[in-house]
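Dear colleague,

I am handing over the structure below, and I would ask you to look at it before reading on. My notes on what was found in it follow.

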Amino acid sequence: VSATAKQLLDFYGPNWSAGVFRVLYVDGNSEWLSATDDAFKGQWTSAIDKWIAILEKSRTTEHRMAAEYDIALGCYLTGNIELAGKWIVQAASDVPGSVPPAYLSNLRALINKESQAK
């Protein structure tokens, strides 16, 4: 585990100890970095709002998928499982190619598990 990952686990405590989550961003995009910074500070609502604004401007399916995934992650970590499920389905539909990345499949499995538990 990297020093950064350890700091995040220490900061977020038990909510993050159940798994390792990837937050996506686009290098050189100040809006994306601001949203990511909010996420790392635990300001998920603000991060989600920024990712939605980024999504509205996204021109490529790769960027759309990344924003949708981040929104799904934020919804999942704030307990909005139903909305997380909708966003992860959208992210999966925007995956370039036919095989979704493992981080997307893993989050989708967690969301589905939570949905079935309710």
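F21 is buried, and Y76 is buried as well, where buried means under 20% relative accessible area and exposed over 50%, with partly exposed in between (1.4 Å probe, protein chains only). Please bear in mind that this is a predicted model, in which local features need pLDDT of at least 70 and side-chain atom pairs count only at pLDDT 80 or more, while totals for chains, interfaces and linings use all residues. Residues are numbered from 1 along each chain as its sequence is written, and side-chain values use heavy atoms, with hydrogens and water left out.

W44 and W51 form an aromatic pair that is tilted, with 6.3 Å from centre to centre and 45° between the planes; rings of Phe, Tyr and Trp (its six-membered ring) pair if their centres lie within 6.5 Å, and planes under 30 degrees apart count as stacked, over 60 as edge-to-face and the rest as tilted. W44 is buried, as is W51.

Turning to helix 7 (helices being DSSP runs of H or I, at least four residues, numbered from the N terminus), its buried residues are Y103, L104, L107 and I111. They cover an arc of only 100° around the axis (taken from the directions from the helix axis to the C-beta atoms), which puts them on the same side of helix 7. The face turned away from that buried side carries the exposed residues A102, N106, K113, Q116 and A117. What covers the buried residues of helix 7 includes helix 5 (61-77) and helix 6 (81-93), contact meaning heavy atoms within 4.5 Å.

With best wishes

Methods. Helix = DSSP H or I, 4+ residues; strand = E, 2+ residues; numbered from the N terminus.
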